[in-house]
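Notebook open, coffee poured. I want to go through this chain from the overall layout down to a couple of lysines.

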Amino acid sequence: MEIRTKNKAKKIKFYVGDKVWTIRQIEVAEKCPICKGAGQVKIEGQFFRCPNCDGDKYIRKKYPEWIISIDYKREIKEIKIKIDEEIIYSVDYNDYDEKDCFATRAEAQKECDRRNGKGGE
């Protein structure tokens, strides 16, 4: 599949109306193991801000995690081309880079696993 830009023909993976799986990054946080999510610790009868989570109650992972956006295929409504000729798909009113759109759930999951360092190339 191709789309014509001012300078050349650009290959695209999908057309308007195609249904795709999309992936995105989320921030992952876990309850602080020191204060157990309270945000404070008790020392000699007095409460202090937890030194591990700084009172936030949660510890955020250093790197966000890639996940499948929604557990069903979504329809491409529009195709956009950025000035640098990067392809963007509008999928149910959200924009996704072409590299974040997939024809099958298995392909989307495989890419999530690869980006999360859980195997693959």
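In what order do the elements of the chain run from the N terminus on? I read off β-β-β-β-β-β-β-β-β-β-β-β-α. That comes to one helix and twelve strands. Note to self: this is a predicted model.

**Overall shape.** I looked up the radius of gyration next and got 21 Å, where the globule rule gives 14 Å for 121 residues, so the chain is more spread out than a compact globule. The box filled by the C-alpha atoms, taken along the principal axes, is roughly 70 × 30 × 25 Å.

**Contacts and surface.** I took the contacts between residues at least 6 apart in sequence, and 57% of them join residues at least 24 apart. Buried residues are 30% of the 121 in the chain. The chain exposes about 8,600 Å², and I noted that carbon and sulfur atoms supply 48% of that area.

**Charges.** I counted 27 positive and 23 negative charges in the chain. Their mean positions are 2 Å apart.

**Cores.** Which residues form the largest nonpolar core? My list has nine: Ile12, Phe14, Val20, Ile76, Ile87, Tyr89, Val91, Tyr96 and Cys101. Strand E10, residues 87-91, gives the most to this core, with three residues. I also found a second, separate core of seven residues, with Trp66, Ile68, Phe102 and Ala108 among them.

**Lys8.** I found Lys8 in the loop between strand E1 (2-4) and strand E2 (9-11). Its relative accessibility is 42%, so I put Lys8 down as partly exposed; the partly exposed class runs between 20% and 50%. Then I checked Lys8 against Glu85: the two are 77 residues apart in sequence, and their C-alpha atoms are 9.9 Å apart in space.

**Lys11.** Where does Lys11 sit? Lys11 is in strand E2. Is Lys11 buried or exposed? I have Lys11 at a relative accessible area of 63%, so it goes down as exposed; the cut-off for that is over 50%. I paired Lys11 with Ile87, 76 residues away in sequence, and got 9.1 Å from C-alpha to C-alpha. Ile87 is already in my notes as one of the nine residues of the largest nonpolar core.

How values were computed
Residues are numbered from 1 along each chain as its sequence is written. This is a predicted model: local features need pLDDT of at least 70, side-chain atom pairs count only at pLDDT 80 or more; totals for chains, interfaces and linings use all residues. Side-chain values use heavy atoms; hydrogens and water are left out. A nonpolar core is a set of buried Ala, Val, Leu, Ile, Met, Phe, Trp, Tyr and Cys residues joined through side-chain atoms within 4.5 Å. Buried means under 20% relative accessible area, exposed over 50%, partly exposed in between (1.4 Å probe, protein chains only). Helices (H or I, at least four residues) and strands (E, at least two) are DSSP runs, numbered from the N terminus. The radius of gyration is taken over C-alpha atoms; the globule rule is 2.2 Å times the number of residues to the power 0.38. Contact means heavy atoms within 4.5 Å. Accessible areas come from the Shrake-Rupley method with a 1.4 Å probe; for residues, only the protein chains shown count as cover. Lys and Arg count as positive and Asp and Glu as negative; His and the chain ends are not counted. The place of a charge is taken as NZ of Lys, CZ of Arg, CG of Asp or CD of Glu.
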